[in-house]
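Visitor: Could you walk me through this one?
Guide: Gladly; here it is.

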Amino acid sequence: MKPVSASTERALCAALTRLVSGNAAARTDGRLTVANLAREAGVGRATANRAPAILAELRKAAEAARLSRLVEPRAAQIDAEPNQREPANVIAQHVQVRALLQRARENRRSRLARIRLVGDGG
């Protein structure tokens, strides 16, 4: 396999830096893939595949990004979740109580109306 030229390697390194930092050009979706690396560098995918050192760095960065998405935000989300749910649960319980009280009032009114009808008709 023919190694890539020094200028191509520099272009791939610069593209990898942009992808990892989140400053990728509009022509990529920003994911850490070989195809996006090649597009960002302006080379073909086959050319990018001939740079094993850069591909190893890309894979390390992709794995680190995947692990950070799984670990950090999830832990923060779990810690924040009870605090977010509690006010919503209290509001839902209040709505349920109000609905039950309204139904009880309507039942009382209908019973009173039936009593009046029975008393008037009898």
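**Helices and their packing**

Guide: Helix 1 has 16 residues, which at 1.5 Å a residue should span 22 Å (1.5 Å times one less than the number of residues), and its end C-alpha atoms are 22 Å apart, which agrees. This is a predicted model, in which local features need pLDDT of at least 70 and side-chain atom pairs count only at pLDDT 80 or more, while totals for chains, interfaces and linings use all residues. Residues are numbered from 1 along each chain as its sequence is written, and side-chain values use heavy atoms, with hydrogens and water left out.

Visitor: Which residues of helix 1 are buried?
Guide: Thr8, Leu12, Ala15, Leu16 and Leu19 are the buried residues of helix 1, where buried means under 20% relative accessible area and exposed over 50%, with partly exposed in between (1.4 Å probe, protein chains only). They cover an arc of only 105° around the axis (taken from the directions from the helix axis to the C-beta atoms), which puts them on the same side of helix 1.

Visitor: And what does the face turned away carry?
Guide: That face of helix 1 carries the exposed residues Arg10 and Thr17.

Visitor: Switching to helix 2, why is it largely enclosed?
Guide: Helix 2 is largely enclosed by the rest of the structure because 6 of its 8 residues are buried, namely Val34, Asn36, Leu37, Ala38, Glu40 and Ala41.

Visitor: What follows each helix?
Guide: Helix 1 is followed by glycine 22, with a positive phi near 85°, and helix 2 by glycine 42, with a positive phi near 75°.

How values were computed. Helices (H or I, at least four residues) and strands (E, at least two) are DSSP runs, numbered from the N terminus.
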